[in-house]
Amino acid sequence: MSGVFGAAYRVRGVVLGWATALLIGGVLLRLVLPAGPIANVAGVVSLVALIGYVAAVAVSWAGRSRAAEYEDTRGEVWVQPPVRGRWLALNSPATQVPSHGVRGYGQSHAVDLVYAPAGVSRPEFGAGPSMLPATDFPAFGEPVLAMLDGVVERASDWRRDHRSRSTMAAMLYIAFEGTVRSIGGPGFVVGNHVVIRGSDGVYGVVAHLRRGSLRVRPGEKVVAGQVIAECGNSGNSTEPHVHAQLMDRRSFLVAQGVPMAFTGITIEPAPLAAASDAERDGDAAAEPAPQAGMPRSEDFIEA
């Protein structure tokens with residue numbers, strides 16, 4: 001997106017964040033300050049913040065179709081998967097765009113990958129305590145790889161790995177938790193992460209990394225397939241998994257998502273989808289076949 005509206009659309013997140021903070025601050029000041037000129041100033045601040053908030057929401061809503069057109073013109077960028085082994089795809093752009101429900105933080109075409117090796121069980125949602133230790137999940141500590149050749153622009157691994165959010169009650173909690181995290185900025189939402197700038201100006205992101213697991217630093221050159229960190233459960237994450245995305249800017253606040261596809265993977269369709277495909281094609285079973293691309297939500301990949 002270009003032009004004045006495009007610029008406004010890109011900074012909508014910044015405006016929304018500051019407007020929210022000012023609005024809350026203004027309300028609190030009105031509650032604690034005595035009546036008078038200072039309290040009136042706080043009221044004006046709240047009004048300005050409310051106007052900014054409404055404007056940011058309006059620009060975001062009005063820019064949805066333009067953002068989709070921009071993403072379509074970019075075309076898919078082919079990258080290597082950020083993991084090795086058998087993983088379950090969730091919140092995939094092959095199922096819906098934006099894949100995570102919003103385009104903020106450049107995540108319109110992001111995908112979540114959950115480690116699901118054959119013969120290894122993973123705690124089921126709703127079958128146990130609301131918040132399990134991250135170490136209970138097979139994904140925790142698995143190697144995370146660079147998706148493309150390039151230079152490390154950002155690298156963070158100081159945030160803690162929290163417990164899972166494994167029941168509906170815990171999901172309600174994370175909805176509130178995510179709002180609080182967003183006030184702190186993108187880093188508190190994506191958690192520990194690495195951003196790599198490719199030679200074509202596309203930025204590859206892997207997020208929710210394990211605390212203290214970084215193997216690269218900003219300014220370092222990396223190659224696709226190189227181990228750069230480990231899977232963790234930092235940031236706005238329900239369980240240990242790898243969040244992967246491409247974006248067109250270094251900053252999460254102004255970036256827009258870029259469509260991506262994985263090379264060198266085998267896609268195993270979700271059981272229900274496989275059964276449906278087999279029935280339609282008249283086959284007894286749908287066998288996984290080596291192919292490149294982006295798995296749908298609930299599909300498995302072998303990388």
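In the predicted model, the charged end of Arg86 sits over the ring of Phe300, at 3.9 Å from the ring centre. A second contact of this kind involves Arg159, whose charged end is placed over the ring of Phe188, 5.2 Å from its centre.

Aromatic rings were also examined for contacts with one another. A search of the whole structure identifies two aromatic pairs. One of them is formed by Trp87 and Tyr115, whose ring centres are 4.9 Å apart and whose planes meet at 45°, a tilted arrangement. This pair links distant parts of the chain: Trp87 belongs to strand β2 (residues 86-90) and Tyr115 to strand β3 (residues 111-115), with the two residues 28 residues apart. Both Trp87 and Tyr115 are buried.

The rings of Trp158 and Phe188 also form an aromatic pair, with an edge-to-face geometry, a centre-to-centre distance of 6.1 Å and an angle of 85° between the planes. Trp158 is located in the loop between β5 (150-156) and α5 (168-184), while Phe188 lies in helix α6 (residues 186-190); the pair therefore ties together parts that are 30 residues apart in sequence. Phe188 has a relative accessible area of 34% and is classed as partly exposed because this value falls between the limits of 20% for buried and 50% for exposed residues. The ring of Phe188 thus takes part in the edge-to-face pair with Trp158 and also lies beneath the charged end of Arg159.

Attention then turns to strand β7 (residues 203-207). Five of the five residues of this strand are buried, so β7 is largely enclosed by the rest of the structure. Burial applies to both faces of the strand: Tyr203, Val205 and Ala207 are buried on one side, and Gly204 and Val206 are buried on the other.

Strand β7 pairs with strand β6 (residues 193-197), to which it is joined by five bridges in an antiparallel arrangement. Within this pairing, Ile196 stands opposite Gly204 of β7. The two strands β6 and β7 form a hairpin, with five residues between them. In the turn of this hairpin, Gly201 has a positive phi of about 85°.

Strand β7 also pairs with strand β10 (residues 242-247), again in the antiparallel sense and over five bridges. Here Val205 is found opposite Gln245 in β10. Strand β7 is accordingly paired with β6 and with β10, and both of its faces are covered.

Conventions:
Residues are numbered from 1 along each chain as its sequence is written. This is a predicted model: local features need pLDDT of at least 70, side-chain atom pairs count only at pLDDT 80 or more; totals for chains, interfaces and linings use all residues. Side-chain values use heavy atoms; hydrogens and water are left out. Rings of Phe, Tyr and Trp (its six-membered ring) pair if their centres lie within 6.5 Å; planes under 30 degrees apart count as stacked, over 60 as edge-to-face and the rest as tilted. Helices (H or I, at least four residues) and strands (E, at least two) are DSSP runs, numbered from the N terminus. Buried means under 20% relative accessible area, exposed over 50%, partly exposed in between (1.4 Å probe, protein chains only). A charge sits over a ring if NZ of Lys or CZ of Arg is within 6 Å of the ring centre and within 35 degrees of the ring normal. Two strands pair if DSSP finds at least two bridges between them.
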